[in-house]
Amino acid sequence: MAATLIDGKAFAAKVRGQVAEHVARLKEQNGITPGLAVVLVGEDPASQVYVRSKGKQTVEVGMNSYEHKLEADTSEADLLALIDQLNNDPSVHGILVQLPLPEHLDEDLVINSIAPEKDVDGFHISNVGLLGTGQKSMVPCTPLGCLMMLRDHHGSLSGMDAVVIGRSNIVGKPMAQLLLGDSCTVTIAHSRTKDLPDVVRRADIVVAAVGRPEMVPGDWIKEGATVIDVGINRIERDGKNVLVGDVDFASAAERAGAITPVPGGVGPMTIACLLANTVTACCRANNLAEPEGLTA
Ligand code: NAP
């Protein structure tokens, strides 16, 4: 393997350490403990695992974790009433509603009912608009984690050609905005892009957020490019269940300059950035200096 491995697991541990230091300082100097409320509706097994993991890591960095588990048939009115209560609770600095929601609930309505300054997922329409116009916002966790790793590896990203494959609201689009904010020349590719291999071959930075196992082969990667693989795909290989990314790691690592593995790349950064966003939200709510390097 020629490429440098970008170790998301180690990087996430470093981010959590920075968050924990800032939390300790907030407690000691200001008597404030940041609090993150996570709302889970229903019993989707994957969501339950995510919520448990978020709660555990929240407590580990010294913050308060508030878990609200609601029945799958909870009415929209009851969910909105809970969000309203959390919006008005000064001990809650971040609110996250675990997605996907059961079908009878309007996801956009629910997300847009969270107070934007507590929207630590960065999905509220106000935060989307603020990010798009280059203003201070809450930044979606997964793309924020990708940006942190890219900045750490390259220093400045200015002038680099970046291709983001995928245009979802939670990964592709905010990722493209962040790269543009760091003065990359950005192309957003998707399922209708003509000659995707050729588009990807031009890129100094490739961010793959597609959801198709190992779709990007090594011969699409420009020699020396940095590859950030957001994909998490569960497949069966040699009779075992394994996790793979959207990039064919083995062949891409032969040509890339640096690459994130799956697992152990972008994945661990997502919750670390959720914790970072919560401490940032807490500082903003209290007119205190924000921790450096933990937001875009
Ligand atoms: P999504 O909403 O399904 O979006 C996928 C995007 O890929 C769409 O824009 C789609 O294009 C594009 N696409 C699909 N097939 C394509 C093809 N053949 N060529 C080019 N583009 C294609 O997915 P997402 O929520 O952004 O997630 C993407 C991946 O990241 C998934 O594997 C997901 O599990 C993973 N993920 C990981 C984390 C993490 O913490 N590491 C967080 C979030 C997501 P169209 O718009 O044209 O359909």
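## A walk through the predicted model

Let's start in strand β4: Gly94 and Leu96 point one way from it, Ile95 and Val97 point the other way, and all are buried (buried means under 20% relative accessible area, exposed over 50%, partly exposed in between, with a 1.4 Å probe and protein chains only). Strands here are DSSP runs of E with at least two residues, helices are runs of H or I with at least four residues, and both are numbered from the N terminus. This is a predicted model, in which local features need pLDDT of at least 70 and side-chain atom pairs count only at pLDDT 80 or more, while totals for chains, interfaces and linings use all residues. Residues are numbered from 1 along each chain as its sequence is written, and side-chain values use heavy atoms, with hydrogens and water left out.

β4 has a partner in strand β2 (residues 35–41), and the two pair in the parallel sense over 4 bridges; two strands count as paired if DSSP finds at least two bridges between them. Within this pair, Leu36 has Gly94 of β4 as its bridge partner. Follow the chain onward from β4 and you come to the loop between β4 (94–97) and α4 (107–111), the place of Pro100. A cis peptide bond joins Leu99 to Pro100, with omega about 0°.

Now to another sheet. Strands of a sheet pair through backbone hydrogen bonds, either parallel or antiparallel. Here, 6 strands form an open sheet with parallel pairing, in the order β1-β11-β8-β7-β5-β6. At its edges are β1 (4–5) and β6 (185–189), each of which pairs on one side only. Further in, β8 pairs with strand β11 (residues 258–259) in the parallel sense over 2 bridges, and Val227 stands opposite Ile259 in β11.

Thr226 is a good residue to pause at, since it lies in strand β8 (residues 226–229). Is Thr226 buried or exposed? Its relative accessible area is 1%, so Thr226 is buried. Leaving aside neighbours within four places in sequence, Thr226 is in contact (heavy atoms within 4.5 Å) with Ile6, Leu150, His153, His154, Asp204, Ile205, Val206 and Ala258.

Helices lie against this sheet too. α6 lies across β1, β7 (205–208), β8 and β11, and runs at about 160° to β8. For such angles, axes are lines fitted to C-alpha atoms, for helices over the stretch in contact, and the angles run from 0 to 180 degrees between N-to-C directions. α7 also packs on the sheet, where it touches β5 (161–165), β6 and β7, and its direction makes about 170° with that of β5.

How do helices meet one another? Two packed helices are described by the angle between their axes and the distance between the axes. For helix α6 (residues 141–154) and helix α7 (residues 172–181), the angle is about 35° and the axes are 9 Å apart. α6 passes α7 in a right-handed crossing (the near helix is turned clockwise from the far one by less than a right angle; anticlockwise would be left-handed). Pro143, Leu144, Cys146, Leu147 and Leu150 in α6 meet Pro174, Met175, Leu178 and Leu179 in α7. By class, this contact of α6 with α7 has 9 nonpolar, no polar and no charged residues; Ala, Val, Leu, Ile, Met, Phe, Trp, Tyr, Cys and Pro count as nonpolar, Asp, Glu, Lys and Arg as charged, and the others, Gly among them, as polar.

A second helix pair is made by α2 (residues 45–60) and α10 (residues 266–285), whose axes come within 10 Å and cross at roughly 55°. α2 and α10 are therefore oblique to each other (under 35 degrees counts as roughly parallel, over 145 as roughly antiparallel, 65 to 115 as roughly perpendicular and the rest as oblique). The contact is made by Ser53, Lys54, Gln57 and Thr58 of α2 and Ile271, Leu274 and Leu275 of α10. These residues divide into 3 nonpolar, 3 polar and 1 charged.

The loops deserve a last look. Pro263 is in the loop between β11 and α10, and a cis peptide bond joins Val262 to Pro263, with omega about -5°. In the loop between α7 and β6 sits Ser183, whose phi is near 65°, a positive value in a residue other than glycine. Ser183 counts as partly exposed, at 42% relative accessibility. Asp238, in the loop between β9 (233–237) and β10 (240–244), has a positive phi near 50° and is exposed, with a relative accessible area of 74%.
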